[in-house]
Amino acid sequence: MKRVGNLWEGLVSFPNLLRAARKARRNKRHRPDVQAFEFDAERELLRIRDELQSGTHAFGPYHTFTVTEPKPRLISAAPYRDRVVHHALCNVLEPVYERSFITDSYACRAGKGTHAAVRRCHALAGRFPWVLKADIRKFFPSIDHAILKTRLACKIKDRRVLALAGRVIDHSNEQEPVIDWFPGDGLLDPTDRRRGLPIGNQTSQFFGNVYLDALDHFVTDRLGVGGYVRYVDDFVIFGAGKRELATVRARVAGFLETLRLRPHPSKTTVFPTRQGIRFLGYRVFGSHVRMARDGVIRFRRRVRGWAADAAAGRLDREGMRRSVASWLGHVGHAASTRLRERLLGEWAAALEPAGAGRR
């Protein structure tokens with residue numbers, strides 16, 4: 001495998017840092033830390049460049065909070081200056097890895113995303129009678145730092161870029177503990193090895209793809225399966241029969257052990273595609289796609305919350321309208337005409353009390 005060098009000068013160039021800052025501020029323009037940075041953006045970017053060149057850039061503490069939907073997760077938000085550095089690093093690494101990433105990896109890549117992944121899953125569900133649906137148990141908390149750094153060094157030879165990537169990895173804050181023993185481990189290996197990347201970092205999403213690129217190629221190049229789609233740690237593998245996919249399941253579990261990962265025991269199953277595949281908030285069949293029921297329940301709960309916020313003056317009608325339109329666009333990727341009509345009716349009914357409360 002040919003390793004790529006001469007990336008550092010591009011990373012610290014002013015155009016790259018400016019592009020990174022524009023990405024970092026997306027949908028965050030009104031936050032005080034972003035506005036303070038933008039007030040004197042040129043000087044701030046030059047300061048970041050000087051700190052990176054001299055090796056004195058110090059990453060700041062994370063702000064952490066927990067979200068509960070669709071499942072409890074610890075989210076870690078880095079300081080804005082650090083997010084600029086994260087984007088600058090990804091800007092130079094992503095083009096290198098795009099050449100070798102498989103087509104059917106859909107998370108955090110230009111031109112991909114959840115809807116493209118669902119469309120591909122739908123197409124494959126129409127061609128194959130059986131599917132293995134799987135995800136990885138506690139994926140981000142389980143990512144092994146030493147393995148990740150080795151995988152980066154397999155493709156990147158620029159020492160300064162690797163050193164910066166290593167510092168980003170080492171700066172990861174404490175994540176949910178994962179204690180697992182793997183073949184060859186000593187008694188203390190699971191506690192001595194550093195693991196975990198913060199959900200919320202741009203670099204974590206990219207590093208997740210780097211980490212699982214080995215799985216992607218194992219499945220597509222060595223197992224010879226009928227079809228495969230992965231989005232972060234959720235993936236589906238299609239085949240002609242139950243026995244074939246049971247063998248694939250065992251081989252995938254064995255390969256994941258080399259990455260110090262395990263499939264989720266209750267979410268890794270083989271079943272006929274006619275039953276419908278729960279994938280990324282949808283129920284995917286060979287003939288059509290529906291919204292998953294729990295996603296609709298969450299939306300109805302959000303409508304009630306938005307209406308309460310609007311009534312209390314915390315959210316204006318336009319803000320609520322944008323939120324609803326975004327979710328209805330998501331629903332529009334499924335067979336959902338009647339569902340959208342019902343949800344629009346519920347939104348309109350919720351909006352009336354909000355409007356009346358301001359009179």
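**Exercise 1. Determine which helix supplies the largest share of the lining of the second largest cavity.**

Solution. The largest share, three residues, comes from α11, where helices are DSSP runs of H or I with at least four residues, numbered from the N terminus. The model is predicted, with local features requiring pLDDT of at least 70 and side-chain atom pairs pLDDT 80 or more, while totals for chains, interfaces and linings use all residues. Residues are numbered from 1 along each chain as its sequence is written, and side-chain values use heavy atoms, with hydrogens and water left out.

Step 1. A cavity is a set of points, on a 1 Å grid over the protein atoms alone, where a 1.4 Å probe fits but cannot get out; lining residues have an atom within 4 Å of a point.

Step 2. The lining consists of Ala107, Cys108, Phe139, Phe140, Gln205, Gly208, Asn209, Arg230 and Val232.

Step 3. Both α7 (139-142) and α11 supply at least two residues each.

Step 4. By class, this lining holds five nonpolar, three polar and one charged residue; Ala, Val, Leu, Ile, Met, Phe, Trp, Tyr, Cys and Pro count as nonpolar, Asp, Glu, Lys and Arg as charged, and the others, Gly among them, as polar.

**Exercise 2. State the volumes of the largest cavity and of the second largest cavity.**

Solution. Step 1. A volume is the space filled by probe spheres set on the grid points, which are joined across faces, edges and corners.

Step 2. Two cavities reach 30 Å³ or more. The largest has about 70 Å³, and the second largest about 40 Å³.

Step 3. Around the largest cavity stand Arg137, Ser142, Val178, Asp180, Phe182, Arg195, Arg260, Leu261 and Arg262. Its lining comprises five charged, three nonpolar and one polar residue.

**Exercise 3. Compare the expected span of α11 with the distance between its end C-alpha atoms, and locate its bend.**

Solution. Step 1. The expected span is 1.5 Å times one less than the number of residues. The 21 residues of α11 (residues 202-222) should therefore span 30 Å, and the end C-alpha atoms are 30 Å apart, in agreement.

Step 2. The helix α11 bends by about 40° at Leu212, the bend being the angle between axes fitted to the seven residues ending there and the seven starting there.

Step 3. Of the 21 residues of α11, 16 are buried (under 20% relative accessible area, 1.4 Å probe, protein chains only).

Step 4. Just after α11, Gly224 adopts a positive phi of about 60°.

Terms used: Buried < 20%, exposed > 50% of the residue type's maximum accessible area, 1.4 Å probe, protein only. 1 Å grid on protein atoms, 1.4 Å probe; cavity = no way out; pocket = protein on both sides within 12 Å on 5 of 7 lines; lining within 4 Å.
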